[in-house]
Amino acid sequence: MARLYVLLFLAQIVLAVCALISCLSAEEGQIRALPRIAWVLIILFFPLVGSIAWFVAGREPGSGARKAWPTGNRPAERRRPVAPDDDPEFLRSVQERSQQQDQELFRRWEEDLRRREDDLRHPDGEPPREGDRPEV
């Protein structure tokens, strides 16, 4: 019998935690009858009754698990910002910047190589100059 009481107590705690999460994550327009703080207090002080009351009377009938996940057909002004690694425009700009930097580095290496080759081809009696090397 004690195991049954422990199981019912744990079920009550899980129900209260789920109700609290649901209450705290609900939008303002989805909460009915009482303000959010009142629902939170009811759920905390009367876990079983408060949780059941929240799920029955506290939230809008269309909200919760029965509601479908939002699709990509939402208007642009309501769209949430995209993470940088999911934004194709950002990825394209990073790739272009990387290509430009690679091209600039390659151009500086070629200039340095040409300058060194010219120094080696024209032995004027002076040693080949090291010059300004491009930094890598």
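F46 sits in the loop between α2 and α3, and that makes it a handy place to start looking at this predicted model. Its relative accessible area comes to 52%. Since exposed is taken to mean over 50%, F46 counts as exposed.

F46 also has company. Together with I37, L41, L44, F45, L48, V49, I52 and V56, F46 makes up a nonpolar surface patch of about 950 Å². The two helices on either side of the loop both chip in: α2, running from 36 to 45, and α3, running from 47 to 58, each supply at least two residues of the patch.

What about α3 itself? Some of its residues are tucked away, namely G50, S51, W54 and G58, which are buried. These four cover an arc of only 100° around the axis, so they end up on the same side of α3. A bit of helix geometry helps here: an α-helix has 3.6 residues a turn, so residues three or four places apart point the same way. On the other side of α3, V49 and V56 are exposed, and both of these valines belong to the nonpolar patch as well. As for the hidden side, the buried residues of α3 pack against α1 and α2.

The span of α3 is worth a look too. This helix has 12 residues, yet its end C-alpha atoms are only 14 Å apart. A straight helix, at 1.5 Å a residue, would reach 16 Å, so α3 falls short of that expected span.

Over in helix α1, which covers residues 2–25, there is I21. Is I21 buried or exposed? With a relative accessible area of 54%, I21 is exposed. I21 can also be paired up with V40: the two are 19 residues apart in sequence, and their C-alpha atoms are 9.6 Å apart in space.

Zooming out, the protein chain holds 4 helices and 0 strands, so from the N terminus on, its elements simply read α-α-α-α. Of the 136 residues in the chain, 15% are buried. The accessible surface of the chain comes to about 11,500 Å², and carbon and sulfur atoms account for 60% of it. Finally, take the contacts between residues at least 6 apart in sequence: 48% of them join residues at least 24 apart.

Key. Residues are numbered from 1 along each chain as its sequence is written. This is a predicted model: local features need pLDDT of at least 70, side-chain atom pairs count only at pLDDT 80 or more; totals for chains, interfaces and linings use all residues. Side-chain values use heavy atoms; hydrogens and water are left out. Patches are made of residues with over 30% relative accessible area and no salt bridge: like charges are joined within 9 Å, nonpolar side chains (Val, Leu, Ile, Met, Phe, Trp, Tyr) within 5 Å. Accessible areas come from the Shrake-Rupley method with a 1.4 Å probe; for residues, only the protein chains shown count as cover. A salt bridge is a side-chain nitrogen of Lys or Arg within 4 Å of a carboxyl oxygen of Asp or Glu. Buried means under 20% relative accessible area, exposed over 50%, partly exposed in between (1.4 Å probe, protein chains only). Contact means heavy atoms within 4.5 Å. The arc is that of the directions from the helix axis to the C-beta atoms.
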